[in-house]
Amino acid sequence: MKFILASDSFKECMTAKEACVAMEKGIKRIIPGARCVKVPLADGGEGTLNTLVEATGGKLFKQVVKGPLGDNTVAEYGILGDGQTGVIELASASGLHLVPIDKRNPLITTTYGTGELIKTVLSHGIKKLVIGIGGSATNDGGAGIAQALGVKLLDKNGKEIGFGGGELSRIKSIDSSGLIAIDAAIEVACDVTNPLTGKDGAAQVYGPQKGATDEMITILDSNLEHYAAKLKEYLHKDVKNNEGAGAAGGTGAGLMAFLNAKKVSGVGLVLQHCRLEEKIRDADYVFTGEGRIDYQVAFGKTISGVIKLAKEYNKPVIAFAGDVHDTDLLYQLGITSVFGISPSGCTLKEALEGGKENLENCVYSVVKLIAHAAGFSR
């Protein structure tokens, strides 16, 4: 039997690679000779960098950059196996996990460090740069990135503004004459479709998880409106209502305006580089999973991409998650079955601590039934 193990990460519990390993252990407890093809996945957010580098035989590099609060942090970037494609995760330099809960404030957090990474990767002479923008701690519209790449955001006195979404209202003019040369095609790996401002915009939808109060959200949304107007005035780019402009606190808009970036599906990009389709063709079963399964699966999440590919080849897909909701939607998408891995009555802390073991045991139980039906149970 051939099993494709195509899992996303279980956030705060295990990486996509660790999840695939746990699945394999569960399978081989029942079918020791099973072929298990591990395909760790991501959707443009956390794990995208490692997934793409590993899938293509590329290289990872480390660099000291400014973190979201302006202090130094060590971030990573990658060059894929073709030697022509660079990959960055915004979260590595400007991620929410880098900011202690009591210091989360999108009025002051910056994407400057991500801009530093972009500058370094471009210096490798690459032809394409993929930027995964999930997991940001910021709401600065990508202004920090622009500042790191040589753009001057000037106030009424001709002085450069500071860092953070709270500074955007001070922009009087934009001087992009110092922007570094961009010879590579820029792709933003993102499945978020939010516009920059308004009720579905960056501040209103994602501000709270970054520490924004109601008062801050009002300020941030207004500031992004002002920022969008200045981008249109000085760069002649009207990006406010572009699909994905509101991703990562408006970073999508900034990348589109300053770097002519093109939004691409994070899931689609990863599936393509991992060559999942060709691996699925002769599989018997496809196992997938992530930390939480709910209605968002239908909106471009990793699992939906796996289901779609498996359906094309009429392969059964079984999903595993720590927390499962809205299973009817998954069945409508064409999934075969869904299983929650957490034991009944356990706390969130217990679920996270025992995640790998729980996943292995749940997979073991499912494969025991599969093996029995196939006539070679142990």
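**Cysteines and a β-α-β unit**

C20 is buried, at a relative accessible area of 0%. Buried here means under 20% relative accessible area, exposed means over 50%, and partly exposed is in between, with a 1.4 Å probe and protein chains only.

A word on the source. This is a predicted model, where local features need pLDDT of at least 70 and side-chain atom pairs count only at pLDDT 80 or more, while totals for chains, interfaces and linings use all residues. Residues are numbered from 1 along each chain as its sequence is written, and side-chain values use heavy atoms, leaving out hydrogens and water.

Now the cysteines. How many disulfides does a search of the whole structure find? Zero. A disulfide means a pair of cysteine sulfur atoms within 2.5 Å. For C20, the nearest cysteine sulfur belongs to C274, 9.6 Å away. For C346, the nearest is that of C13, at 10 Å. C346 counts as partly exposed, at 25% relative accessibility.

Next, the strands. β12 covers residues 317-324 and β13 covers residues 337-340. They pair in the parallel sense, over four bridges. Pairing takes at least two DSSP bridges between two strands. One bridge partner to note: I318 has S337, in β13. Helices (H or I, at least four residues) and strands (E, at least two) are DSSP runs, numbered from the N terminus.

Add helix α12, residues 327-333. With β12 and β13, helix α12 makes a right-handed β-α-β unit. Right-handed means that, with the strands pointing away from the viewer, the path from the first strand over the helix to the second runs clockwise.

Last, D328. D328 sits in helix α12. It is exposed, at 57% relative accessible area. D294 is 34 residues from D328 in sequence, and 9.8 Å from it in space, C-alpha to C-alpha.
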